[in-house]
Amino acid sequence: MASDNTVGVALIGCGTVGSGVARLLINDHDLLASRSGLDVRLRHVVDVDFTRARQVGVDEGLFRKDIDDALKDPRTHVVVELVGGTTLARTFVQRALAARKHVVTANKALLAHHGAELWAMARAHGVCIAFEASCVGGVPVIGALLGGLLANEIDALYGIVNGTCNYILSAMAGRGAAYADVLAQAQADGLAEADPTLDVSGEDSAHKLAILAGLAFGRRIDYGAIHVEGIDTLDIADIRYGAELGYTVKLLAIARRQDDGLSLRVHPAFLHDTHPLAGVNGPFNAVSIFGHAVGHTLFYGRGAGSMPTASAVVSDILSVGLGAATAQFARLGLWPDRAEPARQLPIDQLRGRYYLRLTCQDSPGVLAAVTDVFGRHRISLSGVLQHEPDDGGAGVPVVITTAATLEGNIRAACREIDALPVVTAPTVVVRIVEEHQEKLP
Ligand code: HSE
């Protein structure tokens with residue numbers, strides 16, 4: 001950083017988030033200066049299309065087509081990578097680090113796949129990477145893990161970390177509409193990407209989970225070993241039956257200690273209506289973190305969007321300028337690039353409760369045959385719900401909730417149940433996630 005408290009910024013990528021960052025840096029220069037004591041200057045904007053940069057009033061003299069123009073400038077202290085993806089962005093970050101520039105990024109996919117390599121490279125060049133905007137947009141969860149919760153051993157983290165999915169699920173539950181209809185409406189309203197695959201498949205949530213869990217537990221996470229299911233196969237019928245039983249469905253990213261390992265997973269889950277995350281609706285995100293000393297903490301806010309994400313990016317720039325991010329990066333002991341690999345448990349070893357929807361013939365002895373299978377797999381039933389048949393032949397839905405058991409038992413039981421002659425369609429399984437219990441001393 002310059003000795004006169006000036007922080008020079010090169011912005012790589014000026015799309016939705018980049019233009020929000022430029023807007024904050026230009027319009028709120030004096031506010032940022034009075035709050036931080038830093039004079040933050042936008043020096044370069046690198047992109048191939050400057051439409052949005054023009055819209056927010058960036059001086060055309062800052063436009064560059066080549067990242068080298070920004071990197072060779074000694075007045076550039078921080079490079080903000082907002083290109084996205086894992087190919088070009090990875091090269092840009094590597095080049096910025098090699099040029100001894102601090103990096104601020106919102107790129108969760110890049111860090112989930114290549115974080116350990118890039119963090120190690122930053123250390124080798126005496127600079128840091130700050131990435132608050134990569135997880136839960138404007139909500140300072142990473143800041144909490146690196147700062148306010150540092151005195152804790154983290155026991156568990158539960159997040160609704162994808163606004164697109166939460167918006168779709170909230171609308172399905174609220175309007176009783178099918179997934180495809182809600183998605184089409186969300187795209188028409190500009191609330192979901194034209195290609196929403198990364199969001200609805202659960203992958204975007206898993207990227208964020210890999211980053212958050214790495215910091216929470218101080219372990220290297222194998223992204224490929226995270227169990228990931230999306231919302232794209234959810235049936236509105238299950239959302240309705242769940243509601244009848246007092247549950248609401250959310251796409252959860254979960255990292256929790258279990259036995260001597262870590263259970264890391266992303267999947268739709270039924271939460272009882274009284275669960276603290278059940279009321280997080282629409283595009284909002286929330287993360288519950290349980291520490292051994294603090295107990296339950298809950299972080300809530302906007303996980304996407306131009307200005308909420310820009311809030312995190314610019315706060316990171318200030319943190320780098322102040323030396324806080326650089327000190328945390330250099331000194332904390334929880335960085336995954338310096339840590340042991342996590343012991344990630346296979347999904348079969350997950351212990352929890354389950355919602356099952358069986359489709360059965362409407363004939364005598366069906367429930368007896370089914371409950372016999374559950375009994376042999378040592379699965380205890382908590383509830384059974386059956387409506388009278390209404391379609392004259394497609395099968396009768398029988399909804400069952402179970403007591404806590406291993407997922408391996410559920411899978412084995414479902415294989416047997418689906419092979420019964422009285423069962424006419426594959427059984428639908430949704431995990432039930434109960435409120436995590438604090439473990440205070
Ligand atoms: N597409 C994400 C969401 C935001 O819908 O929450 C960026 O990770």
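**Group meeting talk: a pocket, a cavity and some aromatic pairs**

The largest pocket here has a volume of about 1,200 Å³, and I should say at once that what we are looking at is a predicted model. There are 40 residues lining this largest pocket, and those closest to its centre are Val17, Lys108, Glu193, Ala304 and Gly305. If you follow the secondary structure around it, the elements that give two or more residues to the lining are helix H1 (16-27), helix H6 (108-124), helix H8 (163-175), helix H10 (197-200), helix H11 (203-217) and helix H13 (306-322). Sorted by class, the residues of that lining are 13 nonpolar, 19 polar and eight charged.

Where does the largest pocket lie with respect to domain 1 and domain 2? Both domain 1, residues 6-136, and domain 2, residues 141-300, give residues to its lining, and therefore the pocket lies between them.

Let me turn from the pocket to enclosed space. With the cut-off set at 30 Å³ or more, the count comes to one cavity, and the space in this largest cavity is about 40 Å³. The residues that line it are His227, Gln258, Ser263, Leu264, Arg265, Leu345, Pro346, Ile347, Gln349 and Leu350. Strand S10 gives the most to that lining, with three residues, and by class the lining has five nonpolar, four polar and one charged residues.

Strand S10 comes back in the next topic, which is the aromatic rings. The model has nine aromatic pairs in the count, and one of them is formed by Tyr247 and Phe270, a tilted pair with 5.9 Å from centre to centre and 35 degrees between the planes. Tyr247 sits in strand S9 (residues 247-258) and Phe270 in strand S10 (residues 261-272), so that the pair links distant parts of the chain, 23 residues apart. Are these two residues buried or exposed? Tyr247 counts as buried, because its relative accessibility is 11%, and Phe270 counts as buried too, with a value of 2%.

Another pair, that of Phe284 and Tyr300, is stacked, with 5.0 Å from centre to centre and 5 degrees between the planes. Since Phe284 lies in strand S11 (residues 284-291) and Tyr300 in strand S12 (residues 295-302), this pair ties together parts that are 16 residues apart in sequence. Tyr300, for its part, is partly exposed, at a relative accessible area of 49%.

Beyond these pairs, there is one aromatic cluster made of Trp119, Phe131, Phe329 and Trp335. One member of that cluster, Phe329, also has a charged neighbour, for Arg123 lies over the face of its ring, at 4.2 Å from the ring centre.

Next, a word on the backbone. Most residues other than glycine have a negative phi, and with that in mind I would like to point out two arginines. Arg100, although not a glycine, has a positive phi of about 60 degrees, and Arg378 likewise has a positive value, near 55 degrees. Where in the chain are they found? Arg100 lies in the loop between helix H5 (88-98) and strand S5 (102-105), whereas Arg378 is in the loop between helix H15 (366-376) and strand S14 (381-386). As for their surroundings, Arg100 counts as exposed at 53% relative accessibility, because the cut-off for that class is over 50%, and Arg378 is exposed as well, with a relative accessible area of 73%.

I will finish with two loop residues and their separations from other points in the chain. Asp73, in the loop between helix H4 (67-71) and strand S4 (78-81), is buried, with a relative accessible area of 9%. From Asp73 to Gly303 one counts 230 residues in sequence, and their C-alpha atoms are 33 Å apart in space. Gly246 belongs to the loop between helix H12 (236-244) and strand S9, and at 14% relative accessibility Gly246 counts as buried. Between Gly246 and Gly13, which are 233 residues apart along the chain, the separation of the C-alpha atoms is 45 Å.

Definitions and conventions
Residues numbered from 1 in each chain as written. Predicted model: local features only at pLDDT ≥ 70, side-chain atom pairs only at ≥ 80, totals over all residues. Heavy atoms only, no water. Phe/Tyr/Trp six-rings, centres within 6.5 Å; stacked < 30°, edge-to-face > 60°. Helix = DSSP H or I, 4+ residues; strand = E, 2+ residues; numbered from the N terminus. Buried < 20%, exposed > 50% of the residue type's maximum accessible area, 1.4 Å probe, protein only. Lys NZ or Arg CZ within 6 Å of the ring centre and 35° of its normal. 1 Å grid on protein atoms, 1.4 Å probe; cavity = no way out; pocket = protein on both sides within 12 Å on 5 of 7 lines; lining within 4 Å. Points joined across faces, edges and corners; volume = space filled by probe spheres on them. Nonpolar A, V, L, I, M, F, W, Y, C, P; charged D, E, K, R; others polar. Domains from an automatic or database assignment.
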